[in-house]
Amino acid sequence: MSKLNQKLLYGLSSIIIVILMILGVILGQTFKSFYLTSYDQRIEKETNLIASFIESTPNEITVKTINSISEDLNIEVFIYDDQSHLVAKSNNELKLSNSTLTSFFKNLDKNNEAIKLKHEDDSEKFYGKKVVNKDGDTRYLLIDYSIKSINEVYRSIWILLISLLGFVLMTIIVLVIRYSHQFSKPIDDITQVAIELSKGNYKARTFTESNETTTMLSQSMNVLAKNLQEMTTQQEMQQDRLNTLIHNIGSSVVLINSRGHVNLINKTYKEIFKVDSRSIIGELYYDAFKHKEIVEIVEEIFLKEVKVRKQIILPLSIERKHFEVYGAPIIGINHEWKGIVLVFHDISELKKLEQVRKDFFANVSHELKTPITSIKGFTETLLDGAMENEELCKNFLSIILTESDRMQSLIQDLLDLSKIEQQNFKLDRNDVSVKLIIEEVQQMLIQKAAEKDIDFALYLKTPLVVNADALRLKQVFINLIDNAIHYTPNGGKVFITASETNEQIVVRVNDTGVGIGKEEISRIFERFYRVDKARSRNSGGTGLGLAIVKHLVEAHKGKIEVESKLGHGTSFIVTLNKHINL
């Protein structure tokens, strides 16, 4: 039995018991009063009847007659003379004192009707009447009637009444239990649903067939649960979206509460700044941030309560990164200060591209300035009279031609690089033999290698067939082998090796030249970058060859790597896929 049923049963039972007890007492007292009143009236009538009998037939009043009347009417009869002496009586003795009798007889003298004697013992009752017979003699008739029998009847009636009330009580309790269960079952189910809702289980529902009293309550509870579930689901979706957005956004995000404690950092912040959220979350901002630039931005927002946008440079590990920091105060609906949000945009690549652009224009200007200056100088010299000297004129014109070729080569490389970098750049793919391409390059550069007494050898055993653009692939190996010959001193060695698998071929262009320093390797594919600028410029290079090589290899979905040690030579490793999935 549920607590609700118990409370309902105990409450109703208590009320019913109290009502039945009050009702029993009222009925018992009413019955007793009615019965005693009727009994007194009967005795009064009987007293008047006996008194009339004595008045009319005084000579017939004998002991036998009195005993007969006593037995028939179940009363005790006593007759006294005017001197209060007992004249006649029935079988039992009178239990009244003389003083009480004398006082009662005086009252009888004052009344002609039968009157009742009030006695201390409620179980003994008396009626009396003054009788004057036809001879003129005065007699006092005293009737003693006991209510013990009435009390026995009254007790029996109480037993019957209590039994009846008990039966009624049990019947009511059974009905209360039955109907209270029907009433409380929906209430219990609704209460259980409410408890589940308070625990956060918004899928809970009440399915009990409710009565008319609880139908609306059950329906309302189910509607409430459904609304809460929908609201919670929507809130969880929004929270998931927000978390996904915050933690996967490309910029670093930091939330600081109104007291200055860090509440949230996203995944990008942890990756860029190499920190653990457990060491920052809950810390004050000036303890959480190691860079004073960030602390100053936070303090400025706290003091001025305005948005802040700044570009800062932060040292992270072994590099320096550029950030554009956007900070703003978080203000609630009622202008309540909630905290601060900081967004760090990593603009290092933009700065790098900007620097590359500046370097590019500076390098192009510098590379064009030298040949143009030479051409202009020698042209002015020729115009000033050097044309008259045929040998000197021929020498100057040869220099002008060389510088013009150099300018043409630079411009052609720039055009090639620009074309390769365009999105619509396409390769003319066919199945080609890398071995044949390298052999053709060898024939083109063998004379140049011989001039420096360089041992130029190929160690290629298989055809090395790939799906590629033959002309562009030939351009790659011309640049690599030409560079190897350029940077290999006289008497050195340049040799090509290759290996292949089912999916790829790997070609290594090796030389025993000057080598490249470790700090230089990461930059050799940049435009116009030279390890030895003076030596490279004198060799006629434009500084764009390796940049073109890198873009062409990547256009073939391959990769190029460098292995080098200063003073011990260099190896360029080109990896190409045999079959490219477009």
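**Aromatic pairs: exercises**

Nine aromatic pairs are counted (rings of Phe, Tyr and Trp, the last by its six-membered ring, pair if their centres lie within 6.5 Å; planes under 30 degrees apart are stacked, over 60 edge-to-face, the rest tilted). The model is predicted: local features need pLDDT of at least 70, side-chain atom pairs count only at pLDDT 80 or more, and totals for chains, interfaces and linings use all residues. Residues are numbered from 1 along each chain as its sequence is written, and side-chain values use heavy atoms, with hydrogens and water left out.

**Exercise 1.** Classify the pair Phe-302 and Trp-337, and place both residues.

*Solution.*
- The ring centres are 5.8 Å apart and the planes stand at 40°, so the pair is tilted.
- Phe-302 lies in helix H8 (residues 292-304), Trp-337 in strand E10 (residues 337-346) (helices, H or I, at least four residues, and strands, E, at least two, are DSSP runs numbered from the N terminus).
- The pair therefore ties together parts 35 residues apart in sequence.

**Exercise 2.** Do the same for Tyr-459 and Phe-495.

*Solution.*
- The centres are 6.3 Å apart, with 75° between the planes: edge-to-face.
- Tyr-459 is in strand E12 (residues 455-459) and Phe-495 in strand E14 (residues 493-500), so the pair links parts 36 residues apart in sequence.

**Exercise 3.** Is Tyr-459 buried, partly exposed or exposed?

*Solution.*
- Buried means under 20% relative accessible area, exposed over 50%, partly exposed in between (1.4 Å probe, protein chains only).
- Tyr-459 has 45%, so Tyr-459 is partly exposed.
- Phe-495, at 22%, is partly exposed.
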